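Please walk through this protein step by step, keeping the picture beside you as you read. Where should a reader begin, and how far can each part be trusted?

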Amino acid sequence: MGAAWRDGDGRIVTRAFVLGKEGLRYVPAHLVELEKIVADLIDESGCDVVSIEKDFGRGKGSTTLRSYHAIARAGAQRKGATPLCEIMPSTARKLALGYGGGSKPEVERRARTLIPETVGKTNDEVDAAILLVATEVRLAEQERLAEIRKAAAKAERATKALARRAAKERATS
């Protein structure tokens, strides 16, 4: 598993970690460990948003992955971070790299080209950096959409005010 965030200078920082010898196949003994790792990463990064790649429910480890996702979300919430879990892997690749397809080695090669901080990092760290960039793009889109909606509402209020003023002037003349 990997984690990524931006430091105070805007550079991407990544960490990779393994949960026990059996990895994703053995959940119960590692749930507390995962929650502690999430809490430590939030403390280290100072982040206020945690993005977790969405599990699309295929494969043998899907139930285990959902358990890990739930623990990671709970750990983020306990630390006061907002967990975002809606980004599919292909969507993350498309937002971060400009396209959503390609083999795993192809995606990692492109990521290492477009995100220089991923050079020499593990595959999990590359995935985490892709998810970080995708989350930043998604949050920026949401902010722009909110600004557009705010401007549209302001324009609508101004239009209604002008219409009321014109109606009032017609009524008094």
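**One helix and its surroundings**

On the other side of helix α4 from its buried residues, R109 and T113 are exposed. This is a predicted model, and the helix in question, α4, covers residues 104-114, among which V107, E108 and A111 are buried. Seen down the axis of α4, these buried residues fall within an arc of 95 degrees, so they line one face of the helix. The general rule behind such a pattern is that an α-helix has 3.6 residues a turn, so residues three or four places apart point the same way. What do the buried residues of α4 pack against? Their partners are α3, which covers residues 89-97, and α5, which covers residues 123-172.

These helices lead us to the interior. The largest nonpolar core has 17 residues, and those with the most contacts inside it are A4, I12, A92, A96, L97, I115 and I130. The elements that give two or more residues to this core are α3, α4 and α5, and α5 gives the most, with eight residues. If we take A92 and leave aside its neighbours within four places in sequence, we find it in contact with I87, I130, L131 and A134. A second, separate core, this one of 10 residues, includes L34, I71, A76 and A81. In soluble globular proteins, nonpolar side chains tend to be buried together.

We can now turn to the strands. Strand β1, at residues 2-6, and strand β2, at residues 12-16, pair in the antiparallel sense over five bridges, with R6 standing opposite I12 in β2. The hairpin that β1 and β2 form has five residues between the strands, and G10 takes a positive phi near 85 degrees there.

Stepping back to the whole chain, we can count five helices and four strands, which follow the pattern β-β-α-β-α-β-α-α-α when read along the sequence. Of the 173 residues in the chain, 30% are buried. Among contacts between residues at least 6 apart in sequence, 58% join residues at least 24 apart.

Finally, we should ask about confidence. The mean pLDDT of the chain is 78, and 82% of its residues reach 70 or more. Over residues 21-27, however, the pLDDT is below 50, although this stretch has nine contacts in the model beyond near neighbours in sequence. Where pLDDT is low, the predicted coordinates should not be read in detail.

How values were computed:
Residues are numbered from 1 along each chain as its sequence is written. This is a predicted model: local features need pLDDT of at least 70, side-chain atom pairs count only at pLDDT 80 or more; totals for chains, interfaces and linings use all residues. Side-chain values use heavy atoms; hydrogens and water are left out. Buried means under 20% relative accessible area, exposed over 50%, partly exposed in between (1.4 Å probe, protein chains only). The arc is that of the directions from the helix axis to the C-beta atoms. Contact means heavy atoms within 4.5 Å. A nonpolar core is a set of buried Ala, Val, Leu, Ile, Met, Phe, Trp, Tyr and Cys residues joined through side-chain atoms within 4.5 Å. pLDDT is the predictor's confidence in each residue, from 0 to 100. Two strands pair if DSSP finds at least two bridges between them.
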